[in-house]
Amino acid sequence: RIRLLLRNLLDNALRHAAGAAQPPQLQIAATAGSGATITVRDHGPGVPDDQIDKLAQPFHRPDAARTRHAGAGGGVGLGLYLCRLVAQAHGGEIVLESRLGEGSTARLRLPLQGPSPAEAVA
């Protein structure tokens, strides 16, 4: 599931940064409390502020995602929703940030040890 999550974040960054002056960036860092943060940043068109909180909702696609750069393979708006579910199932979270004209960033925070089975069900 983590592989699917990372693939989706990278695919999104590549798709939305098509034609950008800089390629997407991937950064992996250890965090205090024995966890890891994986950051994927693109330099694409970005998303309006009022759309950020909706990005990880099922079937939501901001207008910027419907440009011809996204093409017909732009998806149906489930990718980031599924990423959020996978992160939560592993005791982590995804934080999304974006600025119009500057691109978007997805920051995945994961503990090195996931939740106990009881916590995952709750």
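# Salt bridges, sheet and core

Q: Why is the meeting of the Glu102 and Arg99 side chains called a salt bridge?
A: The pair sits at 3.8 Å, N to O. A salt bridge needs a side-chain nitrogen of Lys or Arg within 4 Å of a carboxyl oxygen of Asp or Glu, so this pair makes the cut. Mind that this is a predicted model: local features need pLDDT of at least 70, side-chain atom pairs count only at pLDDT 80 or more, and totals for chains, interfaces and linings use all residues. Residues are numbered from 1 along each chain as its sequence is written, and side-chain values use heavy atoms, with hydrogens and water left out.

Q: What makes Arg99 exposed, and what makes Glu102 partly exposed?
A: Arg99 has a relative accessible area of 55%, while Glu102 has 42%. Exposed means over 50%, buried means under 20% and partly exposed is in between (1.4 Å probe, protein chains only), so the two residues get separate labels.

Q: How many salt bridges does the rule give?
A: The count comes to 3. One of them joins Arg109 to Glu93, with the closest N and O atoms 3.1 Å apart.

Q: What makes the Arg109–Glu93 pair a tie between parts that are apart in sequence?
A: Arg109 belongs to strand 4 (residues 103-111) and Glu93 to strand 3 (residues 93-99), so the salt bridge links parts that are 16 residues apart in sequence. Strands here are DSSP runs (E, at least two residues), helices are runs of H or I of at least four, and both are numbered from the N terminus. Arg109 is partly exposed at 34%, and Glu93 is partly exposed at 38%.

Q: How do you know that Arg107 and Glu97 form a salt bridge?
A: Their side chains come to 3.0 Å, N to O. Arg107 is in strand 4 and Glu97 in strand 3, so this pair ties together parts 10 residues apart in sequence. Glu97 has a relative accessible area of 38% and counts as partly exposed.

Q: How do you know that strand 3 and strand 4 pair?
A: They share 7 bridges, in the antiparallel sense. Pairing takes at least two DSSP bridges between two strands, so this pair passes. One example is Ile94, whose bridge partner in strand 4 is Leu108. In the hairpin of these strands, with 3 residues between them, Gly101 takes a positive phi near 80°.

Q: What makes strand 2 a partner of strand 4?
A: Here 7 bridges join the two strands, which run antiparallel. Among them, Ile38 has Leu108 as its bridge partner in strand 4, and Val40 has Ala106.

Q: Why are strand 1 and strand 3 called edge strands?
A: The 4 strands form an open sheet in the order 1-2-4-3, with antiparallel pairing. Strand 1 (25-31) and strand 3 each pair on one side only, which puts them at the edges. The twist averages 15° from one strand to the next.

Q: How do you know that strand 1 pairs with strand 2?
A: There are 7 bridges between strand 1 and strand 2 (residues 35-41), and the two run antiparallel. Gln27 has Thr39 as its bridge partner in strand 2. Thr31 stands opposite Gly35 in strand 2.

Q: Why is strand 2 called mostly covered?
A: Of its 7 residues, 6 are buried.

Q: What makes the largest nonpolar core a core, and how many residues does it have?
A: It has 18 residues, and those with the most contacts inside it are Leu5, Leu9, Leu55, Leu80, Ile94, Leu96 and Leu108. The elements giving two or more residues are helix 1 (2-16), strand 2, helix 2, strand 3 and strand 4. Helix 2 gives the largest share, 4 residues. The set counts as a core because a nonpolar core is made of buried Ala, Val, Leu, Ile, Met, Phe, Trp, Tyr and Cys residues joined through side-chain atoms within 4.5 Å.

Q: Which residues is Leu80 in contact with?
A: Leaving aside neighbours within four places in sequence, Leu80 is in contact with Asn8, Leu9, Asn12, Leu55, Ala56 and Leu96. Contact means heavy atoms within 4.5 Å.

Q: Why is Arg84 called partly exposed?
A: Arg84, in helix 2, has 29% relative accessibility, so it counts as partly exposed. Not counting residues up to four places away in sequence, Arg84 touches Ala56 and Ile94.

Terms used. Axes are lines fitted to C-alpha atoms, for helices over the stretch in contact, and angles run from 0 to 180 degrees between N-to-C directions.
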